[in-house]
Amino acid sequence: MNTTDTVRILGIETSCDETAASVVENGRKILSNIVASQVELHAQYGGVFPEMASRQHVVTIYSVVEKALKDAHLSISDIDAIAVTQGPGLAGSLVVGINMAKGLAQSTGIPLINLNHLEGHIYASWLYEEEEKKVPGFPIMALIVSGGHTELNLVKDHLDYTRLGATLDDAAGEAFDKVARLLGLGYPGGPAIQKAAHSGNPQAIHFPRALMDQSWDFSFSGLKTAVLRLVKEYELQNSEHISRAIPVNDIAASFEAAVVDVLVAKTIRAAEATGAKSILIAGGVSANVRLRKEIVEHSPVDVFIPPLKYCTDNAAMIAAAGYYRLVKGIEPSLELDVRPSWRLAAKGD
Ligand code: KG4
Ligand code: ZN
């Protein structure tokens, strides 16, 4: 592929509960970005209900793709390649995006590129809307923190990933969601905890910071259990007629501080240990204001964090990553099946 050409990629993303399509030019410039969120649908269940997610994707996918092309003022014949998330994610959700992408590719002859969702999150840092921005310099220490994943990857060059460590139990976003439920703050938990934490004291309770100085792996289940134990203590006292209101805001702020401390300390230590030139944070939890602020304050190297709307699931990041795969000469293929547990990279030494 001649990289001086203008390459327009249609990205399609349906790995979880957002139906998304986007057109991105040369891996960076967003021409359109449509995200149909199902958050209200799932809020009543306190989490994503896989079968409903899949059915809702079926209902919305066609109009989402149509709108992405319309907003970009393009028709399908102007598209050079289609990039679709193949995994990881919910099988029943992934299959809807893949079938849409396959159908389009087959009927038009446009090449189809498979994408890892986490790779997409990383490439969110290359995106821009109006003004071109600086891009991260390699090697990059990438922290991916979402509802399903928490991992540290060293990105030596485009598409060259080595996993340093990952969570041994809950993902950071999952911990936010579970603790929010414990505190009765609703779903999705991340934004709800952040809001409550705003009026709380992050030093009020000292929650555990697991594996802080050892290993590149993470563990958040002990922290979640510590919150559960504390809430139960308050409930017990209340049932024994000692009325003590649960200090929800202080618990939220102290929990958020514990998660952020671990994420920031490990990422910076990993960047220093590997000689990374930049740090990148990606995934839904990178929308967290405390995390964004703390990492920028403490990092010795440049930090790249996408604007809020490109932190959570979207298809622009899939189209961006698709461009770099296309340029690298990854063979397009129509032989795609879902890969719900697809790992971005093998674990390094
Ligand atoms: O990347 P994402 O949209 O979907 C997955 O691939 O999982 O991430 C969703 C996760 C949820 O767990 C949500 O609670 C969390 O990101 N999240 C946040 C914030 N906004 C979203 N966590 C902490 N603070 C936030 N502001
Ligand atoms: Zn995601």
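**Note on the domain interface and Val-227**

1. Across the interface of domain 1 and domain 2, 4 residue pairs are in polar contact, both residues at pLDDT 80 or more. A polar contact is a pair of N or O atoms within 3.5 Å; within protein, one must be able to donate a hydrogen and the other to accept it, and residues adjacent in sequence count only if both atoms are side-chain atoms. The rule finds 0 salt bridges there (side-chain nitrogen of Lys or Arg within 4 Å of a carboxyl oxygen of Asp or Glu).

2. This is a predicted model: local features need pLDDT of at least 70, side-chain atom pairs count only at pLDDT 80 or more, and totals for chains, interfaces and linings use all residues. Residues are numbered from 1 along each chain as its sequence is written, chains are lettered from A and ligands numbered from 1 in the order written, and side-chain values use heavy atoms, without hydrogens and water.

3. Domain 1 covers 8–127 + 310–327, and domain 2 covers 140–304. The bounds come from an automatic or database domain assignment. The contact (heavy atoms within 4.5 Å) takes 19 residues from domain 1 and 20 residues from domain 2.

4. About 1600 Å² is buried between the domains, 72% of it from carbon and sulfur atoms. This is accessible area (1.4 Å probe) lost on putting the two parts together, summed over both. In domain 1, Leu-118, Ile-122 and Cys-311 lose the most area to domain 2, together 34% of what that side buries.

5. Val-227 has 0% relative accessibility, so Val-227 counts as buried (under 20% relative accessible area; exposed is over 50%, partly exposed in between; 1.4 Å probe, protein chains only). Beyond four places in sequence, Val-227 touches Val-179, Leu-182, Phe-207, Ile-251 and Phe-255.
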